[in-house]
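Biologist: Could you take me through one part of this model up close? I would enjoy a slow, guided look.

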Amino acid sequence: MLEIKNLHASVEDNEILKGLDLVIKPGEVHAIMGPNGSGKSTLSYVLAGKEDYEVTEGSATLDGEDLFELEADERAAKGLFLAFQYPLEIPGVATMTFLKAALNAQRRARGEGELSTPEFMKQVREKADGLGISTEMLKRALNVGFSGGEKKRNEILQMALLEPKYCILDETDSGLDIDALKIVAEGVNALRAKDRGFLVITHYQRLLDHIVPDIVHVMSKGRIVRTGGPELAHELEAKGYADYVGAAA
Amino acid sequence: MPAVQETVERVRQIDVDQYKYGFVTDIETEKAPQGLSEEIVRFISARKEEPEWMLEWRLDAYRRWLTMREPTWAKVDYPKINYDELYYYAAPKNFVAPKSLDDVDPELLRTYEKLGIPLREQEMLAGVEGAGSRVAVDAVFDSVSVATTFKKELAAAGVIFMPISEAIREYPELVRKYLGSVVPVTDNFFATLNSAVFSDGSFVYVPKGVRCPMELSTYFRINERNTGQFERTLIIADEGSYVSYLEGCTAPQRDENQLHAAVVELIALDNAEIKYSTVQNWYPGDVEGKGGIYNFVTKRGDCRGRKAKISWTQVETGSAITWKYPSCILRGDESQGEFYSIAISNGRQQVDSGTKMIHLGKNTTSKIISKGIAAGKSENTYRGLVSAHRKATNARNFTNCDSLLIGDQCGAHTVPYIEAKTSTAIFEHEATTSKIAEDQLFYCQQRGLSEEEAIALIVNGFVKEVLQHLPMEFAVEAQKLISISLEGSVG
């Protein structure tokens, strides 16, 4: 269970999260929607452990363990995954090399043995095929010269390979055309499992037609201001965020 | 460290005691007093039983050196060197040598451990006084094992590979013909000093049409010891021949002599190719940069023949100060020069390094790929010259220098000089400076890599293009070394 209680967090002394509560149980898919500047991305960074984000109050636990006691890489090894809105480029490092380094680092941290190259190749191949990722693409430097769609598919491939317990998808739909969006959504849906929780952050309802959430939250001014079922997303799409921008002020 | 491990294993296999005597006692007596004078130069020459012409050569260099001044144009800062306080020949071993590993910088020992270097080998590398293994290691090469096997194979191919001190006695006409022909005695302050007092180094001659059957490594050279300070290397590849030479070692080496001024001369005749690879990891000093080696090196290759090729590849991670510009004179028509470099500086290290590509012949081509990585409080400068002579029609150069900064207290500088005296020359220059972004690190960490693993991965990606030019075994070691060199560079 990913449990967030009364979370307050600041960047350079500006408080962005102002008492956020959220509980995600294994098997659940939660969506957070909200206007720009409501703190959605900040939430994902704070949970994943990005520097410069200071938690001033509240807690977050992953299966009972205090996330804020752990470094970013330790949180990853515990099973927290963040699919980036803007995946970073690393010149000269083949995607394959990066995937292997990441997987083995996590396995080491968990006291599991490293995967042999043939075993690893087999796993990558299987998972890449489902996402339409070619071997040629895996040989290219990580995200360098990748199209928007390729970058996002690559994020989902990493998620599939690392098999996290909790996945946060930060605006995964941004920059995707409808075909790319479908491929990515199918990739995510294939990973839905009863022992895995999702937090899907998005500005638009569009993504939620393809990744249908169990619970939808509306975020505004650093807090969750409303919670409902999938129908809430449609309501927001129709009415916009105007009510919420004003409401929490 | 395959080479080192092999060495140590071989030492274990033989009875070390038989080498205990003679060798060390000889060294004890072979020392010159402090300071530099004609007498010292004569002493060195006499000790090496050199012919008269060699002594004259040295004395000439010494007299010229007296009139020269230490260069100040490099972007390096160090206390004034008092040349009268230095030892120029086999400094007494208890000069600054640590008594035991307890006296050695603990950071250095930690690095040895990470590289998996056995304790006795550590003592040897750290220059601990009377470390038994150091004798034995030399002894191995002096005697039965590797060296002999290699020597036989090389002799069969007609390749001459020996200490230059021996070559001066055994092949005087070859040495006389080529020594100082690429780096003239008066080339620069440090080269002139080296010419006067050089201790030892390698001599290689590859005869016409011979492809040297193995990579030549300083590791397998006899009498390696005490050649470090003023090393002199001369490599001649005769027409149509090929040789690959490896210098250095990935393990950080300490030396009782702080000042190092080596000279390396390469000569490639018609259709010959020389590939020279270096991994330099001299002691960089402690946290404050104290005690590190000053490395003032003059390396130059002369493509003297038509279609000759000289390729320099270097991985520079050590020394407190590095002043080094492996260069190519492209004299023969259609000759080629290459320079691939990785220069890493951390802590308080200062690196001023680069190359010179001097196009004299027609249709000559050169390529420069330089990757500088600065971390900690270090300063890292690329300084390069590409020039085309009036007669060097169609000279071509491609230069790419990239700098990577880690943290915000280091500096990277690029100083390219370009001179074309023919309108037919085509010179291309690309340069970038980037910083490892916090976002890149966070991305890697979010995938499970520790901060240090992430930096190593990003840096190895950055230098990949150069690593590919190192011989396989060296490349793997260099990769590991790069990771270790950058430890503690952030946060």
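Biologist: In strand 7 of chain B, which residue is the bridge partner of B:L234?

Modeller: Happy to help, and please keep in mind that this is a predicted model. The partner you are after is B:E265, in strand 7 of chain B. That bridge belongs to a pairing between strand 4 (residues 232-237) and strand 7 of chain B, which run in the parallel sense over 6 bridges. Strand 7 of chain B also pairs with strand 9 (residues 294-303) of chain B, again in the parallel sense and over 6 bridges. There, B:V264 of strand 7 has B:K299 in strand 9 as its bridge partner.

Now for the strand itself. Strand 7 of chain B covers residues 263-268 and is mostly covered, with 6 of its 6 residues buried. In a regular strand, side chains alternate between the two faces of the sheet. Here B:V263, B:E265 and B:I267 point one way, while B:V264, B:L266 and B:A268 point the other way, and all are buried. Your residue B:E265 is therefore buried, as 20 or more other C-beta atoms lie within 10 Å of its own.

For a wider view, turn to where the chains meet. On chain B, 17 residues are in contact with 21 residues of chain A. The elements giving two or more residues to that side of chain B are helix 12 (438-446) and helix 13 (451-467) of chain B. Helix 12 of chain B gives the most, with 7 residues. By class, the side of chain B that touches chain A has 6 nonpolar, 6 polar and 5 charged residues.

Conventions: Residues are numbered from 1 along each chain as its sequence is written. Chains are lettered from A and ligands numbered from 1 in the order in which they are written. This is a predicted model: local features need pLDDT of at least 70, side-chain atom pairs count only at pLDDT 80 or more; totals for chains, interfaces and linings use all residues. Two residues are in contact if their C-beta atoms, placed from the backbone, lie within 7 Å. Helices (H or I, at least four residues) and strands (E, at least two) are DSSP runs, numbered from the N terminus. Ala, Val, Leu, Ile, Met, Phe, Trp, Tyr, Cys and Pro count as nonpolar, Asp, Glu, Lys and Arg as charged, and the others, Gly among them, as polar. A residue is buried if 20 or more other C-beta atoms lie within 10 Å of its own, exposed if 12 or fewer, and partly exposed in between; C-beta atoms are placed from the backbone. Two strands pair if DSSP finds at least two bridges between them.
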